[in-house]
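Student: I have not looked at this structure before. Could we go through it by question and answer?

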Amino acid sequence: MTDYAVRSARSGDILGIHRLLEPLVDQRILLGKDLAVLYGAVQEFVVAEADGELIGCGALHVMWEDLGEIRTLLVRDDWLHHGIGRGIVEQLEQNARALGLSRLFCLTFETDFFIRRGFAPIGEQVVDADVYSQLLRSGDAGVEEFLDLAHVKPNTLGNTRMLKRLN
């Protein structure tokens, strides 16, 4: 394996991100995202690349004043267990701190990976009632998953809701 770099995504990376996503969507590990959604969120993404090829990606979505979500985190199969995921998460955490966020949420099957990064499983209510009512209005699927709304449960079966407090 050669060295890799993690950098902010550019619009030219979106088709590559979409190609990385397709196998995981087919396996029902991640929800599919339309190209228009990915292009609209390009500023949220970082990518890992080696030798000019995308080998992983992840996104940071701001949910509230102090709260963000790590989403669409994936690493190409042939690059698993080489620190790529850790590098992506570290960059997303750095981005979160730069934005003034103090908590990060994720919804994942990969609990051991996120526990090693300082995340812990969470219960039902992690925001106060006023914030909860404001978040209900967002219309964002990730926010609805964070809120653990009943209508998103079929999409989240087997996933664990996790949270990390940033230093």
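Student: Is E93 buried or exposed?
Tutor: The model is a predicted one. The relative accessible area of E93 is 7%. Buried means under 20%, so E93 is buried.

Student: Which residue does the side chain of E93 meet in a salt bridge?
Tutor: E93 lies in helix α3, and its partner lies in that helix too, 4 residues apart, about one turn of the helix. The partner is partly exposed, with a relative accessible area of 37%. N and O are 3.9 Å apart in this salt bridge, and the residue is R97.

Student: Which residues are joined into one network by salt bridges that share partners?
Tutor: The structure holds 9 salt bridges. Some share partners, and the network they form joins R7, D13 and E49.

Student: Where is D13, and what is its relative accessibility?
Tutor: D13 sits in the loop between β1 and α1. Leaving out residues up to four places away in sequence, D13 touches R7, S8, V47 and L54. D13 counts as buried, because its relative accessibility is 9%.

Student: How many residues apart in sequence are the parts tied together by D66 and R103?
Tutor: The side chains of D66 and R103 meet in a salt bridge, with 3.2 Å from N to O. D66 belongs to the loop between β3 and β4, whereas R103 belongs to strand β5, so the pair ties together parts that are 37 residues apart.

Student: Is R103 buried or exposed?
Tutor: Its partner D66 is partly exposed, at 23% relative accessible area. R103 has 8% relative accessibility, so R103 counts as buried.

Student: How far apart are the closest N and O atoms of R71 and E69?
Tutor: R71 counts as buried at 14% relative accessibility, and E69 counts as buried at 3%. The two form a salt bridge, and the closest N and O atoms are apart by 2.8 Å.

Student: What is the order of the strands in the open sheet?
Tutor: The sheet has 7 strands with mixed pairing, in the order β1-β2-β3-β4-β5-β7-β6.

Student: Which strands stand at the edges?
Tutor: An edge strand here has a single partner strand, so one side of it is left without a neighbour in the sheet. The two are β1 (5–8) and β6 (120–121).

Student: What is the bridge partner of V6 in β2?
Tutor: β1 and β2 run antiparallel, joined by 4 bridges. The partner of V6 in β2 is A48.

Student: What angle does the direction of helix α1 make with that of β3?
Tutor: Helix α1 (residues 14–26) packs on the sheet and touches β2, β3 and β4. Its direction and that of β3 make an angle of about 90°.

Student: Which residues is L92 in contact with, leaving aside neighbours within four places in sequence?
Tutor: L92 is in helix α3, which covers residues 84–98. L92 counts as buried, because its relative accessibility is 0%. Its contacts are E44, V46, G58, A59, L60 and I70.

Student: How many Å does α3 reach from its first C-alpha to its last?
Tutor: α3 has 15 residues, and at 1.5 Å a residue the expected span is 21 Å. The reach in the model is close to that, at 21 Å.

Student: How many disulfides does the structure hold?
Tutor: C57 is buried, at 0% relative accessible area, and C106 counts as buried at 1%. A disulfide is a covalent bond between the sulfur atoms of two cysteines. The number of disulfides in the structure is 0.

Definitions and conventions: Residues are numbered from 1 along each chain as its sequence is written. This is a predicted model: local features need pLDDT of at least 70, side-chain atom pairs count only at pLDDT 80 or more; totals for chains, interfaces and linings use all residues. Side-chain values use heavy atoms; hydrogens and water are left out. Two strands pair if DSSP finds at least two bridges between them. Contact means heavy atoms within 4.5 Å. Axes are lines fitted to C-alpha atoms, for helices over the stretch in contact, and angles run from 0 to 180 degrees between N-to-C directions. Buried means under 20% relative accessible area, exposed over 50%, partly exposed in between (1.4 Å probe, protein chains only). A disulfide is a pair of cysteine sulfur atoms within 2.5 Å. The expected span of a helix is 1.5 Å times one less than its number of residues. A salt bridge is a side-chain nitrogen of Lys or Arg within 4 Å of a carboxyl oxygen of Asp or Glu.
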